[in-house]
Amino acid sequence: MTAVAEHVQAGLEHHRAGRLDDAAREYGYVLTADPSNVAVLRLMGILHTHRGDHDQAVMVLQAAAALEPGAAEIFNDLGLALRAKGDVHAALDAFNDALRLFPKFGPAHFNKGVTLEALGARVQAVDAYTLALEADAGLHAARFNRASIHFAAGQYAMAADDAGSVRLADPALLEAHVLYGRASLELRRLADAKKAFRAVITRAPGFAPAHTLLGSVYTIEHKFQDAAIALTEALRLDPADVQATFLLGLVRLHQYDLAAAHDLLDRARLAQP
């Protein structure tokens, strides 16, 4: 292994371990000897992004792109650096440059989608996420983001389809279970909603919103004792949960506990902004 390769390997190991100063030192050794080493310039630019040195990241990645204008991955990295810097329109241009060079570049489509969402262009973002998934069906983040947009637009069946696929592919992603459950709840697929919320509670019993959502399903089903248990737990975990307070007030009404119901509903009303 050459000295350059040793420094690059050491830099990569430090970088992966989060030792960014050590990684920068190793990359710097290479760039001092060979300032036009595009591969290491790219690594240094990514490192600057990870350190939050966004101006430096953009400068280094622009230098790398100038040296190798046909490298789609460099323009993708440049887009990420520009977006982190807050220059969203320039970031979008960089992702488009990457896609002109490599139209089937899934991560660039995904990053373009995230950027379009930041610009409020949700319809175009959905198109970008769809292209990302056509390029790489394993980009679960693209499917989840698309599901979130569908849900916000009231397209609950499409949201449930996408979120359901993500929760099966990545059961540890609690947000996918929650989104699938919420979409199922809107569709009145109550059994599916309960299954999703219970999956979250099994993995993260301290996550109060899942208890609130489960309580809302039980309330719809008129299973008031189960609803009371779930909502009481939600309020134990988060006493400021207005939705849980309101729902538990309704449950107490149905249980003819009028004093508790009035107290809870008053608290919920006073907590509203």
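How much accessible surface does the protein have, and what percentage of it belongs to carbon and sulfur atoms? In this predicted model, the accessible surface amounts to about 13,600 Å², and carbon and sulfur atoms contribute 55% of that area. The secondary structure consists of 16 helices, with zero strands. The radius of gyration is 25 Å, whereas the globule rule gives 19 Å for 273 residues; the protein is therefore more spread out than a compact globule. The C-alpha trace spans about 80 × 35 × 35 Å along the principal axes.

Burial, contacts and charge were examined next. Of the 273 residues, 46% are classed as buried. Among contacts with a separation of 6 or more, 39% are accounted for by residues 24 or more positions apart. The protein carries 26 positive and 32 negative charges, and the mean positions of these two sets lie 7 Å apart.

Helix α13 was considered in detail. This helix comprises residues 208-220, 13 residues in total, and extends 19 Å from its first C-alpha to its last, close to the 18 Å expected at 1.5 Å a residue. Because 11 of its 13 residues are buried, α13 is largely enclosed by the rest of the structure. The buried set is made up of A208, A210, H211, T212, L213, L214, G215, S216, V217, Y218 and T219. These buried residues pack against four helices, namely α11 (174-186), α12 (190-203), α14 (224-237) and α15 (242-254).

Positive phi angles occur in two of the loops associated with these helices. H222 follows α13 and is placed in the loop between α13 and α14. Although H222 is not a glycine, its phi is positive, at about 65 degrees. With a relative accessible area of 54%, H222 lies over the 50% cut-off and is therefore exposed. R188, located in the loop between α11 and α12, is likewise not a glycine and has a positive phi of about 60 degrees. The relative accessible area of R188 is 51%, so this residue also counts as exposed.

Q255 occupies the loop between α15 and α16 (258-271). Its relative accessibility of 26% places Q255 in the partly exposed class. When residues up to four places away in sequence are left aside, Q255 touches F224, Q225 and A228. For one of these partners, A228, the C-alpha atom is separated from that of Q255 by 9.6 Å, with the two positions 27 residues apart along the chain counted as their distance apart.

H150 belongs to helix α9 (residues 140-152). At 8% relative accessibility, H150 falls under the 20% cut-off and so counts as buried. Apart from residues up to four places away in sequence, the residues touched by H150 are V126, Q155, M158, A159 and D162. The C-alpha atoms of H150 and A81 are separated by 28 Å, and these two residues are 69 residues apart along the chain.

Taken together, the residues described here cover the three accessibility classes: H150 is buried, Q255 is partly exposed, and both R188 and H222 are exposed.

Notes. Residues numbered from 1 in each chain as written. Predicted model: local features only at pLDDT ≥ 70, side-chain atom pairs only at ≥ 80, totals over all residues. Heavy atoms only, no water. Helix = DSSP H or I, 4+ residues; strand = E, 2+ residues; numbered from the N terminus. Rg over C-alpha atoms; globule rule 2.2 N^0.38 Å. Buried < 20%, exposed > 50% of the residue type's maximum accessible area, 1.4 Å probe, protein only. Contact = heavy atoms within 4.5 Å. Areas by Shrake-Rupley, 256 points an atom, 1.4 Å probe, with all protein chains shown as cover. Lys, Arg positive; Asp, Glu negative; His and termini not counted. Charge placed at Lys NZ, Arg CZ, Asp CG, Glu CD. Expected span 1.5 Å × (residues − 1).
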